[in-house]
Amino acid sequence: MKTKRIYLDNAATTPIDKTVSKAITEFEAHYFGNPNSIHREGQEARAQIDFARQNLAAFFSCKPQEIIFTSGATESNNLAIQGVVSEYVSAYNMKPHVITTMLEHQSVYNTVKELEKKGIIEASYIKPTKDGLITADQIIREIKDNTVLISLIFVSNEIGTVLPIRELGKQLVDVNKSSHYKIIFHTDAVQAVKHYNLNVQKLGIDLLTFSAHKINGPKGIGGLYVKSGTKLANLVFGGSQEYGLRPGTQNSTGIIGMAKAYENLGSLEDRQASGNAIRKMKSQLLEGLKQFNLIDINGSTDLEQSCPDILNFSILNKDQEMVIAKLDLAGIAVSTGSACVSGSTKPSHVINALGKITDREAATVRVSIAKSNSAKDLDQLIEAIKTL
Ligand code: PMP
């Protein structure tokens, strides 16, 4: 008999929701035109995309023309960082300073590292506490005369800690009144859209990265919110699609699927209610893990400063690959951290930044829970850990 799988890797990706597949199939059946063509087929497809853009703009409380569609969050993060840096370099012929953190996803961390290595920017990487927390004051203290960009992850995809985006947004209003160059504030909100208030006005940010496949939407589609007046240089050159910022025929079906996935998230109250239900399962897991002397939680367990769905822990004296493989054989899918570094047996830059790694061997496990999971799933995981 085939054993029922327990999927607890929802921060890596999620299955496409049936309503999303239906919206995509219906769109494909009726609209094949190039949304940039002026004939009827094109304009009909364009109208559908415009509608999707309006719905996404409503989700983020911004204007439709402030939403740029991309191939996913990796591209959005690159466009945000490289776009701002190139703009400042060409406008002021200077060496910009960028502030980011050691908690970032590879698509931010490695982009900043690369620009630094090429000598294009100076960079500061803020170190978190051993619980994976960073304060707004820590960021403010790093600001220099040539600081042009702050890029901060909203919810850590590896350890689930929440960074003080709104508080920093508020403080930056004053800082920008007297700063040498206008400091652009970017957040990678990929793991935050499920449960947090993403009203960009209230957050006080200029650029926000989002994607679809972590919320039961399709892969290979994402977007960047670009506040009106924020100057970005292109990464690629071509036609004038996406207000000239992202040339190339849009991924129409992806856009339709992404808009449906965001619609399915519901109101902020709905998202918070679903977050509360998921947090109960996370608390159950945390409680269950207390029986193991050799398990150490990575990240904070504070309600305000940790997200409802991601829990990361290290199991001392265990081999990384063996742990994931044994759990997989037991029918449970979890990960070692970010799917983007899987295959690597070394701890990620995020886990290293917590400064807790000793010379003892340890396996790092990330569990990411979704609405579709149940308390029984977490019980089974706890049972499986006993057999490792
Ligand atoms: N940022 C964060 C926080 C993520 O979790 C991910 C996905 N692992 C990405 C960026 C990259 O997203 P995409 O797969 O859409 O490029």
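These exercises work through a predicted model.

**Exercise 1. Domains**

Task: Find which residues make up domain 1 and domain 2, and how far apart their C-alpha centres lie.

Solution:
- Start with the domain assignment. Domain 1 takes residues 6–15 + 267–386. Domain 2 takes residues 18–265.
- Next, take the C-alpha centres of the two domains. They lie 26 Å apart.
- Then look at the contact. Domain 1 gives 39 residues to the contact, and domain 2 gives 35 residues.

**Exercise 2. Helix H6**

Task: Check whether the end-to-end distance of helix H6 agrees with its number of residues, then locate its bend and its buried residues.

Solution:
- Helix H6 covers residues 165–178, which is 14 residues.
- The expected span is 1.5 Å times one less than the number of residues. For H6 this gives 20 Å.
- The end C-alpha atoms of H6 are 21 Å apart, so the distance agrees with the expected span.
- Now find the bend. H6 bends by about 30° at Leu-172.
- Leu-172 is also one of the buried residues of H6. The others are Ile-165, Leu-168, Gly-169 and Val-175.
- Last, ask what covers these buried residues. The cover includes helix H5 (136–141) and helix H7 (200–203). It also includes strand E5 (147–153) and strand E6 (184–188).

**Exercise 3. Strand E7**

Task: Decide how far strand E7 is enclosed, and work out how E7 pairs with E6 and E8.

Solution:
- Strand E7 spans residues 207–211. Buried means under 20% relative accessible area.
- 5 of the 5 residues of E7 are buried, so the strand is largely enclosed by the rest of the structure.
- Sort the side chains by direction. Leu-207, Thr-209 and Ser-211 point one way, while Leu-208 and Phe-210 point the other way. Both sets are buried.
- Turn to E6. E6 and E7 run parallel and are joined by 3 bridges. Thr-187 has Leu-208 of E7 as its bridge partner.
- Turn to strand E8, residues 222–226. E7 and E8 run antiparallel, with 5 bridges between them. Here Thr-209 is opposite Leu-224 of E8.

**Exercise 4. The E9-E10-E12 sheet**

Task: Identify the edge strands of the open sheet with the order E9-E10-E12, and place helix H9 against these strands.

Solution:
- The sheet is open, has 3 strands and pairs antiparallel.
- An edge strand pairs on one side only. That picks out strand E9 (295–298) and strand E12 (362–368).
- On average, neighbouring strands of this sheet are turned by 25° against each other, direction ignored.
- Take the E10 to E12 pairing. Strand E10 covers residues 310–316, and 7 bridges join it to E12. The two strands run antiparallel. Leu-316 is opposite Ala-362 in E12.
- Add helix H9, residues 268–289. H9 lies across E9, E10 and E12, and runs at about 15° to E10.

**Exercise 5. Positive phi**

Task: Place Tyr-243 and Asn-317 in their loops, and state whether Asn-317 is buried, partly exposed or exposed.

Solution:
- Tyr-243 is not a glycine, yet its phi is positive, about 55°. Tyr-243 sits in the loop between E8 and helix H8 (252–265).
- Asn-317 is not a glycine either, and its phi is positive at about 65°. The loop that holds Asn-317 runs between E10 and helix H10 (320–329).
- Now classify Asn-317. Buried means under 20% and exposed means over 50%, with partly exposed in between. Asn-317 has 42% relative accessibility, so it counts as partly exposed.

Definitions and conventions: Residues are numbered from 1 along each chain as its sequence is written. This is a predicted model: local features need pLDDT of at least 70, side-chain atom pairs count only at pLDDT 80 or more; totals for chains, interfaces and linings use all residues. Side-chain values use heavy atoms; hydrogens and water are left out. Helices (H or I, at least four residues) and strands (E, at least two) are DSSP runs, numbered from the N terminus. The bend at a residue is the angle between axes fitted to the seven residues ending there and the seven starting there. Buried means under 20% relative accessible area, exposed over 50%, partly exposed in between (1.4 Å probe, protein chains only). Contact means heavy atoms within 4.5 Å. Two strands pair if DSSP finds at least two bridges between them. Axes are lines fitted to C-alpha atoms, for helices over the stretch in contact, and angles run from 0 to 180 degrees between N-to-C directions. Domain bounds come from an automatic or database domain assignment.
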